[in-house]
Amino acid sequence: IHNENENDNEQTKDTALMNDAAPLSTDANKQFCSNCHRFVNKWSFDRHYQHCVKQFYFCASCKKVIKLDELDNHNQTLHRELKCKLCEEMIRGGKQTLLSHQKYECLQRPVTCRFCQLPFACIEH
């Protein structure tokens with residue numbers, strides 16, 4: 001019984017190591033690019049990678065590949081802190097996160113009364 005448990009632990013460690021490594025493709029002719037997170041033909045991988053690191057950046061926050069010359073604009077638009085005009089709270093994550101906050105989370109967002117159909121703040125002070 002002791003040996004079986006050791007084997008199970010070894011397999012679990014091997015699986016964990018494989019999960020931390022680069023993803024494997026079902027196509028043996030493809031290799032994972034750690035820069036753009038895409039699978040590329042092995043025969044052109046070196047040429048792809050040299051071009052890729054000079055031109056692109058993988059944004060881990062939004063899981064998108066961004067051109068390096070658009071990176072500053074991307075970060076300013078999608079990843080900076082913005083102030084909610086309804087509750088004055090600083091929201092980190094850019095415009096999409098702010099819009100989501102204002103629509104679903106903000107305590108000052110307008111909510112329509114189901115009886116009179118008039119809009120009120122979600123929670124009034």
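**Cysteines 33 and 36**

I started with cysteine 36 in this predicted model. Its relative accessibility is 2%, so I wrote cysteine 36 down as buried. Cysteine 33 comes out at 0%, so that residue counts as buried too, the cut-off being under 20%.

How many disulfides does a search of the whole structure find? The search returns zero. I then checked cysteine 33: the nearest cysteine sulfur belongs to cysteine 36, 3.7 Å away, and cysteine 33 is in no disulfide. Cysteine 36 is likewise in no disulfide, with the sulfur of cysteine 33 as its nearest cysteine sulfur at 3.7 Å. A disulfide here needs the two sulfur atoms within 2.5 Å, so a separation of 3.7 Å does not qualify.

**Histidine 37**

Next in sequence I looked at histidine 37, which is found in the loop between β1 (30-32) and β2 (39-41). Histidine 37 has a positive phi of about 60° although it is not a glycine. Buried or exposed? Neither label fits histidine 37: its relative accessible area is 37%, so I noted it as partly exposed.

**Overall layout**

I stepped back to the whole chain. I count four helices and eight strands in its secondary structure. Along the sequence they run α-β-β-α-β-β-α-β-β-α-β-β.

The chain has 125 residues, and 17% of them are buried. Its accessible surface comes to about 10,400 Å², and carbon and sulfur atoms hold 51% of that. I also looked up contact range: among contacts with a separation of 6 or more, those between residues 24 or more positions apart account for 2%.

**How far I trust it**

The mean pLDDT of the chain is 82, with 82% of the residues at 70 or more. Where is confidence lowest, and where is it highest? It is lowest in helix α1 (residues 2-20), at a mean of 42, and highest in α2, at 97. Over residues 2-19 the pLDDT stays under 50, and the model gives that stretch zero contacts beyond four places in sequence. I read nothing further into that stretch.

**Helix α2 and its ring pair**

I searched the whole structure for aromatic pairs and got two. One of them is phenylalanine 45 with tyrosine 49: the ring centres are 5.9 Å apart and the planes sit at 20°, so I call the pair stacked. The cut-off for stacked is planes under 30 degrees apart.

Both phenylalanine 45 and tyrosine 49 lie in helix α2 (residues 45-55). They are four residues apart, about one turn of the helix. The two partners differ in cover. Phenylalanine 45 has a relative accessible area of 11%, so it goes down as buried. Tyrosine 49 is at 32% relative accessibility and therefore counts as partly exposed.

**The β3-β4 hairpin**

Which way do β3 and β4 pair, parallel or antiparallel? Strand β3 (residues 56-59) and strand β4 (residues 64-67) pair in the antiparallel sense, over four bridges. Checking one bridge, I found that phenylalanine 56 has lysine 67 in β4 as its partner. The two strands form a hairpin with four residues between them. In that turn, lysine 63 has a positive phi of about 60°.

**Histidine 74**

I moved on to helix α3 (residues 71-78), where histidine 74 is placed. With a relative accessible area of 8%, histidine 74 is buried. What does histidine 74 touch, leaving out residues up to four places away in sequence? I got Cys59, Cys62, Ile66 and His79. Of the residues on that list, Cys59 falls in β3 and Ile66 in β4, going by the strand limits.

**The β7-β8 loop**

Last stop was the loop between β7 (110-112) and β8 (119-121), which holds leucine 118. Leucine 118 has a relative accessible area of 47%, so it is partly exposed. Not counting residues up to four places away in sequence, leucine 118 touches Val111, Thr112 and Cys113.

Glutamine 117 is found in the loop between β7 and β8 as well. Its phi is near 65°, a positive value in a residue other than glycine. Glutamine 117 has 51% relative accessibility, so it counts as exposed; the cut-off is over 50%.

Technical notes: Residues are numbered from 1 along each chain as its sequence is written. This is a predicted model: local features need pLDDT of at least 70, side-chain atom pairs count only at pLDDT 80 or more; totals for chains, interfaces and linings use all residues. Side-chain values use heavy atoms; hydrogens and water are left out. Two strands pair if DSSP finds at least two bridges between them. Rings of Phe, Tyr and Trp (its six-membered ring) pair if their centres lie within 6.5 Å; planes under 30 degrees apart count as stacked, over 60 as edge-to-face and the rest as tilted. Buried means under 20% relative accessible area, exposed over 50%, partly exposed in between (1.4 Å probe, protein chains only). Contact means heavy atoms within 4.5 Å. Accessible areas come from the Shrake-Rupley method with a 1.4 Å probe; for residues, only the protein chains shown count as cover. pLDDT is the predictor's confidence in each residue, from 0 to 100.
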